[in-house]
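Welcome! Have the sequence and the 3D view open side by side, and take your time as we walk through them together.

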Amino acid sequence: MRSIDPACKAVGLLLCTLLLCLRHSPALNLAVFALCAIGLLTARVPLRKLALSMLPILVAAVGTFFTGYYFAAGSGSVNAQTLNLLGSRVYNGLVLSSRVVAFAGLGFLLAYTTDKVRLVQSLQQHFRLPAVFCYGLLAAWGIFPNMAAEYRKARAAFAARGVRVSALSPALLRPLLVKTVRWSEALAVAMESKGFTAGRPRKPYRPLVLRPVDVLFPILSTAAMLAAVLLVPV
Amino acid sequence: MEQSRGWKLRDVIMMAILGVVFAAVYLGVFYVGLAIQGALAPFGLANFSFETIYGVWFMAATIAAYILRKPGAALITELLAAAIELLMGNSGGVVVLLTGLIQGLGCELAFALFRYRRYDLLSMALSGMLGGLFIFCYELYYLQYYLLAPTVLLAQLAVRFVSAFVFAGLLSKLACDGLAKTGVLKSYAVGALQQADLLADED
């Protein structure tokens with residue numbers, strides 16, 4: 001799974017996700033999640049990492065189940081008269097909540113088996129993502145680890161002035177935005193000085209070659225999902 | 001004022017870093033949303049938890065549009081912010097790019113409706129609300145929200161609109177005005193406009 005070209009993998013998983021939306025089948029949703037889990041485990045994604053990632057997904061799935069149960073389309077509140085609707089309500093909840101789990105499986109399959117920088121490079125080389133966006137994206141991604149430090153600095157600066165701000169205070173937004181503008185200007189100058197500009201053709205430093213398996217992955221995965229969507233009973 | 005229509009690397013980096021900043025903000029509020037979701041789950045109201053903070057998703061787009069004042073700024077920023085979320089390992093996978101595109105189209109439409117001449121609270125709030133509306137239409141299919149009662153869906157949409165107004169409109173406008181006052185935007189369109197206004201006042 002890890003060796004498949006990231007952009008081809010992304011396209012295959014995107015099409016599978018969109019096809020899955022066509023059916024109301026908890027069994028199909030859970031089967032898709034099980035296949036994704038097998039894919040993740042065979043790609044040696046740590047079980048602990050997967051389990052921790054699934055926690056918020058499970059909270060969301062449980063929440064969605066109850067929403068689907070209580071507020072199914074075309075039903076009122078639950079009482080003795082509507083008790084016979086309970087079966088369909090449970091089913092409604094299961095459809096919605098299993099969907100959350102299936103989508104998470106497909107999402108994690110891409111997220112945990114893909115080199116992110118290679119994904120952007122693959123999008124540029126195989127799907128013609130303009131170079132200026134590729135550079136900008138990778139430059140911004142490189143800054144991401146600094147964000148936590150900058151956030152702490154902004155809070156410390158407020159504290160030094162005797163101003164108490166909560167962890168989610170909007171007051172922290174302004175210093176972070178100031179930093180954003182300064183970072184973008186400094187990064188742009190640095191990159192332009194090295195020739196990273198739009199309109200100048202550059203050869204890729206790491207050319208990515210498409211293999212037959214890369215091209216086959218989106219075709220076969222989409223075909224398999226299409227077959228499942230058409231053939232699996234509700 | 002003559003504006004360059006092409007995208008410079010500086011603009012793209014600014015939009016992408018805005019995506020990074022708001023991805024971090026989103027991470028901060030995500031766990032709050034999750035806690036509320038857990039609390040509301042037994043009542044079937046879990047969907048409302050993230051509706052209250054939905055506006056955070058559109059802040060990068062409205063702030064970028066306010067600063068850069070170029071057609072396409074809101075759309076491209078939403079796409080770049082979605083790409084940053086994808087790089088962070090979002091559980092939505094590559095679908096986040098599609099949602100970024102749809103939200104971005106909604107956000108961009110608001111500024112286009114004003115023919116890219118208004119960058120104020122009204123256009124920014126409308127941008128967030130249209131972004132929310134566009135993605136809601138997509139969610140009807142993607143999350144199969146059509147299986148839920150219409151009254152609940154309308155209530156969800158109403159909460160989303162309020163959130164978009166507060167975060168993408170009000171808070172973003174205040175943050176941008178504060179940012180402009182610091183002077184760091186003088187080399188951007190909004191800073192140049194401010195400079196022109198100051199010169200006109202002096203004359």
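## Segments that cross a membrane, by annotation

In UniProt, an unreviewed entry annotates residues 12–36, 48–68, 73–89, 95–114, 121–141 and 147–171 of chain B as "transmembrane region". Keep in mind as you look that the model you see is predicted. What does the chain do over residues 95–114 and 121–141 of chain B? The table shows helix and strand content, along with the distance between the end C-alpha atoms.

| Segment | Helix | Strand | End C-alpha distance |
|---|---|---|---|
| Residues 95–114 of chain B | 95% | 0% | 30 Å |
| Residues 121–141 of chain B | 100% | 0% | 31 Å |

So much for chain B on its own; now turn to chain A.

## Two domains in chain A

The domain assignment splits chain A into domain 1, made of 6–121 + 209–231, and domain 2, made of 131–193. Notice that domain 1 is written as two stretches of the sequence. How many ångströms separate the centres of domain 1 of chain A and domain 2 of chain A? Taken over C-alpha atoms, the separation is 34 Å.

## A cavity lined by both chains

Next, look for empty space inside the structure. There is one cavity of 30 Å³ or more, and the largest cavity holds about 50 Å³ of space. Its lining draws on both chains: from chain A come Leu13(A), Leu14(A), Thr17(A), Phe103(A), Leu106(A), Gly107(A) and Leu110(A), while chain B supplies Gly92(B), Gly93(B), Val94(B) and Val95(B). Two elements of chain A, α1 (6–20) and α4 (86–111), each give two or more residues to this lining. The largest share, four residues, belongs to α4(A).

What kinds of residue line the largest cavity? By class, seven are nonpolar, four are polar and none is charged.

## Cysteines without partners

Finally, let us check the cysteines. A disulfide is a covalent bond between the sulfur atoms of two cysteines. Over all chains, the count of disulfides is zero.

Why does Cys21(A) have no bond to the closest cysteine sulfur? That sulfur, in Cys16(A), is 11 Å from the sulfur of Cys21(A), which is too far for a bond. Cys36(A) is in no disulfide either, and its nearest cysteine sulfur, again that of Cys16(A), is 8.4 Å away. For a disulfide, the two sulfur atoms would have to be within 2.5 Å.

Are Cys21(A) and Cys36(A) buried or exposed? Cys21(A) is buried, with a relative accessible area of 1%, and Cys36(A) also counts as buried, at 3% relative accessibility.

Definitions and conventions:
Residues are numbered from 1 along each chain as its sequence is written. Chains are lettered from A and ligands numbered from 1 in the order in which they are written. This is a predicted model: local features need pLDDT of at least 70, side-chain atom pairs count only at pLDDT 80 or more; totals for chains, interfaces and linings use all residues. Side-chain values use heavy atoms; hydrogens and water are left out. Domain bounds come from an automatic or database domain assignment. On a 1 Å grid over the protein atoms alone, a cavity is a set of points where a 1.4 Å probe fits but cannot get out, and a pocket is an open set with protein on both sides within 12 Å along at least five of seven lines; lining residues have an atom within 4 Å of a point. Grid points are joined across faces, edges and corners, and a volume is the space filled by probe spheres set on the points. Ala, Val, Leu, Ile, Met, Phe, Trp, Tyr, Cys and Pro count as nonpolar, Asp, Glu, Lys and Arg as charged, and the others, Gly among them, as polar. Buried means under 20% relative accessible area, exposed over 50%, partly exposed in between (1.4 Å probe, protein chains only). UniProt positions are given in the numbering used here, feature names are shortened, and annotations may be inferred rather than shown by experiment.
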